[in-house]
Every structure is written in C-alpha cells, then in structure tokens.
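Grab a pencil and let's work through a few exercises together. Have a look at the sequence and the 3D picture, then try each task before you read its solution.

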Amino acid sequence: MRVNKPKVIFSSLMVLFLVVVLFPLNESQQSWTVAISSSVLFPCNSDPYKMRIWEHDNNVLFNNKLKIDFKLDHIYLLDNYSLLIQEITLPHKGIYRCLQDGSIAEEFLLNVEVPPKMFLTINEFDSVMKISVEEGTDITLFCHAFGALPPVNLSWAIDGEENDYRALNFTVAVGDDYQGRQVFNSVSSYTFKLIRNNGTVSCRSNTVSGVGKREINLQYSTFGKT
C-alpha cells in the first residue's frame with residue numbers, strides 16, 4: 001500500500017519567524033564611533049528609585065551603584081547614573097545598556113577605531129617632509145598609513161585641491177601592532193609634475209566615520225631649468 005508523505009506547508013513562515021527572532025531591530029539604539037584612547041559619556045535617563053543596571057555585551061557592569069564586573073578598566077558611574085569611559089581601548093567596544101526594572105532605558109553601540117600613523121617617502125624607503133626640485137620635474141611620492149583599524153581611504157591634494165587622477169590604487173596588508181592587535185597598513189603612490197615656485201602636497205586618510213581623518217604634508221619648492 002502506498003503511503004503519501006505529509007507536506008510541509010509552513011516552512012517559509014517558520015524560517016521568516018526565526019530570522020525575526022534572531023535579528024531584532026532596535027530603532028532606539030544610538031551608535032557612537034570614537035578613537036582609541038579617547039573618552040565617551042553615556043547618559044541614562046532613569047528613575048533613581050527603581051532598580052537600575054548598566055550592561056556591556058550582556059555582562060552586568062553596575063547593579064544600582066555596586067560595581068560587578070572589573071574586567072574593563074577606566075569605566076566610572078557618575079552620580080546621575082551616566083556611564084563615563086576613559087582611555088578607551090578595543091575591548092571597550094560593544095553594546096552598552098542601561099536597564100530600569102529589567103527594561104531598556106538607553107542602549108548604545110560603541111565602535112572603536114585606531115587612527116593610522118602616517119609618513120611620506122620620495123621613494124619607498126626615504127622619509128621626506130621638504131624637497132626642492134627643478135621646475136617641471138615629475139615626482140613620485142608614496143604615502144604610508146600604518147596601524148589603522150579599520151583600513152583607511154587615502155587621497156591626495158596639491159595646494160589644498162584634491163587631485164587623485166594619477167594616483168595608483170593603494171594596497172592594504174593585514175598585520176599586528178606591538179600590542180598584538182590586528183591592524184591595516186596602506187600605501188598609495190602619486191606621480192605629479194611640479195610647476196609652481198613653491199607649495200604643499202598633502203596625503204589624507206579618512207574612514208566612513210571620520211574618526212580616522214589624518215593629514216601629512218610635504219613642502220616643495222622649484223628652481224628654474226639649467
């Protein structure tokens with residue numbers, strides 16, 4: 001006798017339901033992006049006569065005013081129940097919640113960026129901050145941005161005017177800094193012709209948040225052809 005297999009008719013609805021449960025949308029969450037070693041203040045508008053808790057990634061930091069978690073340094077609770085974080089490091093990133101009687105009163109997503117260290121070279125090895133060359137000479141500069149997190153975008157400017165049409169795409173390599181953090185090293189080369197008597201060539205780094213914005217300048221001067 002042939003037995004018909006039962007049909008599954010609600011599979012798509014079940015999958016959709018699971019997605020909604022696993023990835024809830026919190027429209028009240030505030031996102032903050034700061035540079036490493038900086039400070040941030042998270043306010044909490046709550047009733048001081050109710051049970052209040054500060055959490056970091058679901059770990060309780062303060063239960064009312066009693067400090068519970070001592071893993072992260074430089075986190076302080078102020079009298080108005082605001083949370084002050086100083087000398088921020090990468091482990092400080094994550095989600096911070098202020099709870100009142102078990103309900104979320106405030107929620108913050110903290111992102112931490114490491115701005116790069118930058119320098120210019122006239123070739124790939126010799127660092128330079130000032131040059132004097134013959135007028136009309138083609139010059140190739142290399143801009144180095146080391147130790148950034150996340151990777152930065154590099155752009156060039158001559159005398160304040162951005163000019164990237166002859167810049168080569170920079171390369172990004174993953175490395176480790178002296179603290180063992182995974183960071184990014186970027187290099188961009190730019191070839192241009194010096195036609196003014198003197199001026200400034202700038203290499204600029206930036207990230208989407210703007211925290212990684214840095215600039216390094218090269219002062220140049222030219223002399224007439226002999």
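**Exercise 1.** Which residue lies over the face of Y81, and at what distance from the ring centre?

*Solution.* Before we start, note that this is a predicted model: local features need pLDDT of at least 70, side-chain atom pairs count only at pLDDT 80 or more, and totals for chains, interfaces and linings use all residues. Residues are numbered from 1 along each chain as its sequence is written, and side-chain values use heavy atoms, with hydrogens and water left out.
Step 1: recall the rule, which asks for NZ of Lys or CZ of Arg within 6 Å of the ring centre and within 35 degrees of the ring normal.
Step 2: check Y81, and you'll find R52 over its face, 4.1 Å from the ring centre.

**Exercise 2.** Describe how the rings of F42 and Y96 pair up, then do the job again for W54 and F108.

*Solution.* Step 1: get the rule straight. Rings of Phe, Tyr and Trp (its six-membered ring) pair if their centres lie within 6.5 Å; planes under 30 degrees apart are stacked, over 60 edge-to-face, and the rest tilted. That rule gives 8 aromatic pairs.
Step 2: F42 and Y96 sit 5.4 Å centre to centre with 50 degrees between the planes, a tilted pair. F42 belongs to strand β2 (residues 40-42) and Y96 to strand β8 (residues 94-100), 54 residues apart. (Strands are DSSP runs of E, at least two residues, numbered from the N terminus.) Both F42 and Y96 are buried, meaning under 20% relative accessible area (1.4 Å probe, protein chains only).
Step 3: for W54 and F108 the centres are 6.4 Å apart and the planes at 25 degrees, so this pair is stacked. Since W54 is in strand β3 (residues 52-56) and F108 in strand β9 (residues 103-113), the pair ties together parts 54 residues apart in sequence. W54 and F108 are buried too.
Step 4: put it together, and W32, F42, W54, Y96 and F108 make one aromatic cluster.

**Exercise 3.** Find the disulfides and say which cysteines they join.

*Solution.* Step 1: look for cysteine sulfur atoms within 2.5 Å of each other; the whole structure has 2 disulfides.
Step 2: C44 and C98 are linked, with sulfurs 1.9 Å apart, and -70 degrees about the S-S bond makes the link left-handed.
Step 3: C143 is joined to C203, S to S 2.0 Å. Its torsion is about -90 degrees, so this disulfide is left-handed.
Step 4: number the bonded cysteines in sequence order, and the pairing reads 1-2, 3-4.

Key: Helix = DSSP H or I, 4+ residues; strand = E, 2+ residues; numbered from the N terminus. Buried < 20%, exposed > 50% of the residue type's maximum accessible area, 1.4 Å probe, protein only.
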